[in-house]
Amino acid sequence: MIDSSAWQDLLAHHAQTGHQTMRTRFADEPERFQALSLQACGLLLDYSKNCLGSDTVALLLQLARERGVEARRDAMFAGDLINGTEQRAALHTALRAGEDARWVDPEISQAVADVLRRMTIFSAEVRNGSWKGHDGRAIRTVVYIGIGGSDLGPRMACDALSGYGRTGLDVRFVANVDAHELLAAVEGLDAATTLFIVASKTFTTAETMLNARSARDWCLAAGVPEAALRRHFVAVSCNETAVREFGIDPLNMFPLWDWVGGRYSLCSAIGLPLALQSGMEVFLDLHAGARAMDQHFREAPLQANMPVLLALVGIWNINILNIPTLSIAPYHHLLSRLPLHLQQLEMESNGKSVNEQGQRLAYSCAPVIWGQAGSNGQHAYFQWLHQSRDPAAVDFIAVAQTSPAHASAAGHQRALLANCLAQSEALMRGKTLEEVNAELCAGGMSANEADGLAPHKVFPGNRPSNTLLMPRLDAYHLGALLTLYEHKVMVQGAIWGINSFDQWGVEWGKSIARTLEQRLDGTTGRSATESSSTSGLIAAIRDLSQSRG
């Protein structure tokens, strides 16, 4: 990337324009919002509160072209093996493409359609009570067991769309290998009216399978006959042999293919919890929004392409302005889990230090993704955003409409949106020492008192942010929003020259954990590569686990 002519032009451009503040730019550019915002698929992206101008965007677009973003995009949609280290396609877009999508291989399209039809039948049976437990009673609770991309996406979507299509079916989630989460999920449940979904592509994921085995034991201890477990367990996997060995009828297995990465899998059978909670119609509305954003990404010119522009703003902030973090601030309570989903999407995809050829990178890639829902976040970390020496970028996500739950909901929504807009404005504008002094003196403070307090109330400003505005939080617009970020990640990976679709760092930690489990239960001794720290901690754990003090 840094060898391209566009990169050198960007560096020179920043050297010439870096002194310009956003406050000055807004004063000098009355059409700034119109120039640096766009709409697609019902979403509005305002990226005008960034330290750049239309001339900057033009140079960033040239960088995208030089780095082959369009060719990479086309290769992904064509099903080419763009995940080079695993020799796989990244064809998650086929999950929501529809049966008439001409760009999808007919066999893949048919396989996807078959799974969707099975999901439709199964979710309807569970929701209408015709799927019975072993004693003939209807299912009342679904416990979904997964981890990582098999958990974060569906859990977030079920929260976000919890107001749609509810029938009284309770959907719960278990991901952590810590037994407390599983125990909390099954507490008070009747095993005869409980259905477990075990989601693991390989059906070997250590945490998921440990939780699944414990769930099976809980069912058996609660009186479910072993022969009747097929009425209480279904699987989302591609490993039929392992599913059968676990005791799940393969007829109750919903396939998941190796060309679907976990963090990109919500539109697959991984989304089964949403179909059960809110109905297949809502799940397919999510598909429709994702499909609309896919089409926009494929067809819109780069200069009017929302995923591309969002990605390029991120490139500017990370690589030119050296801003290493991005806070996700959704101003909607039901989007509280969105930062966690996007954290995995970006950091697992692009948290790399070598390019696709295995060469060490000379520049940073994925930012640290963090955040929480507004307005709670304002009372947690916004102090740091406003006055820390280290700037961070922020993505504000707001919803224009609300579904009023009570008479005063409109007032709550106005307050929520006002806070969202105020924070982005304050981060951009800042407040100078002179302005603070004038305010303090106008409020009756003496000049000496004002001089002492004023430095503490100065806001540097010029802190970059995007604002994404949704008309309402429904399945269609949620699908479009999530897909926007998926394609943003792919575009940035193409520019950085990395593989956004593998995650070897995750696998390495898992392999060490398998060895250390045997050390903890005493079946193996210390290996030659084990550090003294790990050995000392193992000894301490053994001592403390036996201590009665």
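**Helix α7, the largest pocket and the cores**

In helix α7, the buried residues (under 20% relative accessible area, 1.4 Å probe, protein chains only) are G149, S150, D151, G153, P154, R155, M156, A157, C158 and A160. That makes 10 of its 12 residues, so α7 is largely enclosed by the rest of the structure. Helices here are DSSP runs of H or I with at least four residues, numbered from the N terminus. This is a predicted model, with pLDDT of at least 70 needed for local features and 80 or more for side-chain atom pairs, while totals for chains, interfaces and linings use all residues. Residues are numbered from 1 along each chain, and side-chain values use heavy atoms, leaving out hydrogens and water.

Helix α7 (149-160) also helps line the largest pocket, as do α9 (206-221), α14 (338-350) and α20 (504-520), each giving at least two residues. A pocket is an open set of points on a 1 Å grid, with protein on both sides within 12 Å along at least five of seven lines, and lining residues have an atom within 4 Å of a point. The lining runs to 36 residues, with T205, G262, Q503, E507 and K510 nearest the centre. Helix α20 chips in the largest share, 5 residues.

As for the nonpolar cores (buried Ala, Val, Leu, Ile, Met, Phe, Trp, Tyr and Cys joined through side-chain atoms within 4.5 Å), the largest has 123 residues, and M119, W259 and L478 touch the most other members. Helix α19 (residues 475-496) brings the largest share of this core, 13 residues. A second, separate core holds 25 residues, among them V186, F196, F203 and M209.

Terms used
On a 1 Å grid over the protein atoms alone, a cavity is a set of points where a 1.4 Å probe fits but cannot get out, and a pocket is an open set with protein on both sides within 12 Å along at least five of seven lines; lining residues have an atom within 4 Å of a point. Buried means under 20% relative accessible area, exposed over 50%, partly exposed in between (1.4 Å probe, protein chains only).
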